[in-house]
Amino acid sequence: MSLVLSGGKSGRLADETRKRVVEAAQRLGYKFVRRGQRIAPGGQSTIIFMADETITDPWMSLAFEGARDKALEAGINMLMGVSHGDADVETNILAGLGNLPILGLIYGTILARQVQIPQSLARHRLVLVNCYDPEHQFHSILPGDVLGGRAATEHLLHRGRTRIGFINGQQGVDAARDRLKGYKQALSSNDVPFDPALVRPGNWEPSAGYQMTRELMALDNPPDAIFCANDMMAVGCYDALRELGLAVPDDVAVIGFDDREIAQYMHPPLTTLVLPLYEMGRAAVELLLDDAGGLHSSPSRIKVECELVERQSTSTVAQLTERRLAAR
């Protein structure tokens, strides 16, 4: 599936497939991200991007790139400040900008979570990226983790896998909760009973993927596929399966989430879902431009599709045979 919720017209999608994606998104309350050339209102030439972190993970850097590219199309400058989640630092960064003509602010966090916005920031037009406020006072843009978890699980089911293990992320994190919800929805929709023994807690790190895979494969009835809630745990999953003498995907299919750069270089390359921070950054600028033009009357919550990137780790037997014959 390719950016259906963003209005894309990818030729890879059949009309019926696109229709099913849209219908599922509407049931889950997803909204559509519009594209198109926009121009900034006169006299407001700068957007401030406030991030809590940019080093430990690439997500806020990707969101900033998307926002910057969209802002430049409208003739708007972008500035970034990194606060490490400190409200005083955020206030000081904004105060240090003096009389800069600010169109609005984008506030982003590495982990999808609830945030409290300092009053100094709340006085401006504001869009939250990968986070949300408890009172729903501001626009927020989040990844479609529920729909992504569902798409990952259905991808495995449609490739003939009947017993799918799930290694989840850190407990209490929104992404872990929502990806598990999507996993359960996919099983239910395909009349596959949910087995709690197939769900294991993780922590987003390769070590958890390794340990939880060992536990799953030690079951009396082990899985024939494993959905890792992020790509880093899939790295550990691969290591565990290799130690057990099992091949991916011949014995066990594996799918990840996030589409980190490492995914395409794993052996075999990992099927995964894109964490769409670049698109989310672009959408944030769209919302600020809409607000500046008076088009929004109430805060919106937008969820952007996590695109499935199919690689060899979930290939069917027929696909594997075809590739081997072609390689001769």
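Two strands count as paired if DSSP finds at least two bridges between them. The model described here is predicted.

**The sheet**

On that basis, 6 strands form an open sheet with parallel pairing. Their order is β2-β1-β3-β4-β5-β11. Two strands lie at the edges, β2 (77-82) and β11 (301-304). Each of these pairs on one side only. Direction ignored, neighbouring strands of the sheet are turned by 20° against each other on average.

One pairing can be followed in detail. Strand β1 spans residues 46-51 and runs parallel to β2, with 6 bridges between them. Within this pair, I48 stands opposite L79 of β2.

**The second largest pocket**

The second largest pocket has a volume of about 320 Å³. Its lining holds 20 residues. Those closest to the pocket centre are D57, W59, L111, W204 and D258. Two elements give two or more residues to this lining: β3 (102-114) and α6 (174-189). The largest share, 3 residues, comes from β3. Strand β3 also has a place in the sheet order, between β1 and β4.

What is the chemical character of the residues in this lining, nonpolar, polar or charged? The table gives the division.

| Class of lining residue | Number in the second largest pocket |
|---|---|
| Nonpolar | 10 residues |
| Polar | 4 residues |
| Charged | 6 residues |

Tryptophan and leucine count as nonpolar, and aspartate as charged. Among the residues closest to the centre, W59, L111 and W204 are therefore nonpolar, whereas D57 and D258 are charged.

Note on methods. Residues are numbered from 1 along each chain as its sequence is written. This is a predicted model: local features need pLDDT of at least 70, side-chain atom pairs count only at pLDDT 80 or more; totals for chains, interfaces and linings use all residues. Side-chain values use heavy atoms; hydrogens and water are left out. On a 1 Å grid over the protein atoms alone, a cavity is a set of points where a 1.4 Å probe fits but cannot get out, and a pocket is an open set with protein on both sides within 12 Å along at least five of seven lines; lining residues have an atom within 4 Å of a point. Grid points are joined across faces, edges and corners, and a volume is the space filled by probe spheres set on the points. Helices (H or I, at least four residues) and strands (E, at least two) are DSSP runs, numbered from the N terminus. Axes are lines fitted to C-alpha atoms, for helices over the stretch in contact, and angles run from 0 to 180 degrees between N-to-C directions.
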